[in-house]
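Please walk me through this structure. I would like to know how its strands are arranged and where its side chains sit.

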Amino acid sequence: YLTAVYVPGTGLWANYNCVNSCPDPNDSPTISNLRQYFNTVNKSEGSWVNDSTPYFRFDLADPDSGDPNGKVGYQIQVDNDSGFGSTVIDYTWEGSTTNPNTNVKYDVESALSNYTCYYWRVRAKDSPGLTSDWADNDNGFDLSGQDFCVDTISPTVSVLGAPADWQTSNASASVSCSDTG
């Protein structure tokens, strides 16, 4: 059994001792192998993409497969601020008993804003509530900076001065391109 002393006003327990047989401590679950997909293509960090509803994949594992309920889930956040002060997505999945759970997928259901750059991070959570560190730019991706930027409007192109028989004659033309973003 376990004996402990509650420290009033702090919400903390201190001076705990285990007498006779005590359970093993709970170890943090892990998250790894972060990937981001746009139109089913895996894109590297910092990519400009023409898909406002990406999906993310990652792997979850819990070294304590004997935890109560035995589930490992995750919390994912997406924000246009690297400090995650105003998340546009904050989703928690309670998990499954599959451990390790590889190639877990989270689909962005509502379109993200056009001409906006985003960051995302995810952490694993086990049944007793212990979480991993956030996997993000600092420990889940190779680079730093925005994870992806959305631009779903194609640029316009116009060709001026090309004759109707341009395929069979020597001709010159002027090409211009513009983008509203």
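Lys-105 has a relative accessibility of 38%, so this residue counts as partly exposed, given that buried means under 20% and exposed over 50%. The model is a predicted one. The partner of Lys-105 is Asp-107, with which Lys-105 forms a salt bridge; the closest N and O atoms are 3.6 Å apart. Asp-107 is also partly exposed, because its relative accessible area of 37% falls between the two limits.

How many salt bridges does the structure hold? There are two. Besides the pair just described, Arg-35 forms a salt bridge with Asp-59, and here the closest N and O atoms are 3.9 Å apart. Arg-35 belongs to strand β3 and Asp-59 to strand β6, so this salt bridge ties together parts of the chain that are 24 residues apart in sequence. Both Arg-35 and Asp-59 are buried.

Now take the protein as a whole. The protein has 13 strands and zero helices, so a list of its elements from the N terminus on names β strands and nothing else. Of its 181 residues, 33% count as buried. The surface that the protein exposes comes to about 11100 Å², of which carbon and sulfur atoms supply 47%. Among the contacts with a separation of 6 or more, 62% are between residues 24 or more positions apart.

Strands of a sheet pair through backbone hydrogen bonds, either parallel or antiparallel. One open sheet here is formed by four strands in the order β4-β3-β6-β9, and its pairing is antiparallel. β4 (41-43) and β9 stand at the edges with a single partner strand each, so one side of each is left without a neighbour in the sheet. From one strand to the next, the twist in this sheet averages 35°. At the β4 edge, three bridges pair β3 with β4 in the antiparallel sense. Phe-38 stands opposite Val-41 in β4.

A further open sheet has five strands, in the order β5-β11-β10-β7-β8, and its pairing is mixed. Which strands form its edges? They are β5 (47-49) and β8 (89-96), each of which pairs on one side only. The twist in this sheet averages 25° from one strand to the next.

The pairings in the five-strand sheet can be followed one by one. β7 and β8 run antiparallel and are joined by six bridges; Val-78 stands opposite Ile-89 in β8. On to the next pair: β7 and β10 are antiparallel too, over eight bridges. Gln-75 stands opposite Arg-123 in β10. β10 and β11 also run antiparallel, with three bridges between them, and Thr-116 stands opposite Val-150 in β11.

Is β10 mostly covered or mostly open? It is mostly covered, with eight of its eleven residues buried. Just past this strand in the chain comes the loop between β10 (116-126) and β11 (148-150), and Trp-134 has its place there. Although Trp-134 is in a loop, its relative accessible area is 18%, and Trp-134 is therefore buried, the limit being 20%. The C-alpha atom of Trp-134 is 6.2 Å from that of Arg-121, and the two residues are 13 residues apart along the chain.

Burial also leads to the nonpolar core. In soluble globular proteins, nonpolar side chains tend to be buried together. The largest nonpolar core in this model has 23 residues, and those that touch the most other members are Phe-56, Phe-58, Trp-120, Val-122 and Phe-148. Which strands each supply at least two residues of this core? They are β3 (30-38), β6 (55-61), β7 (72-79), β9 (101-107), β10 and β11. Of these, β3, β6 and β9 are strands of the four-strand sheet, while β7, β10 and β11 are strands of the five-strand sheet. The core thus draws on strands from both sheets.

Terms used
Residues numbered from 1 in each chain as written. Predicted model: local features only at pLDDT ≥ 70, side-chain atom pairs only at ≥ 80, totals over all residues. Heavy atoms only, no water. Buried < 20%, exposed > 50% of the residue type's maximum accessible area, 1.4 Å probe, protein only. Core = buried A, V, L, I, M, F, W, Y, C linked by side-chain atoms within 4.5 Å. Salt bridge = Lys/Arg side-chain N within 4 Å of Asp/Glu carboxyl O. Pairing = 2+ DSSP bridges. Contact = heavy atoms within 4.5 Å. Areas by Shrake-Rupley, 256 points an atom, 1.4 Å probe, with all protein chains shown as cover. Axes fitted to C-alpha atoms, helices over the stretch in contact; angles between N-to-C directions.
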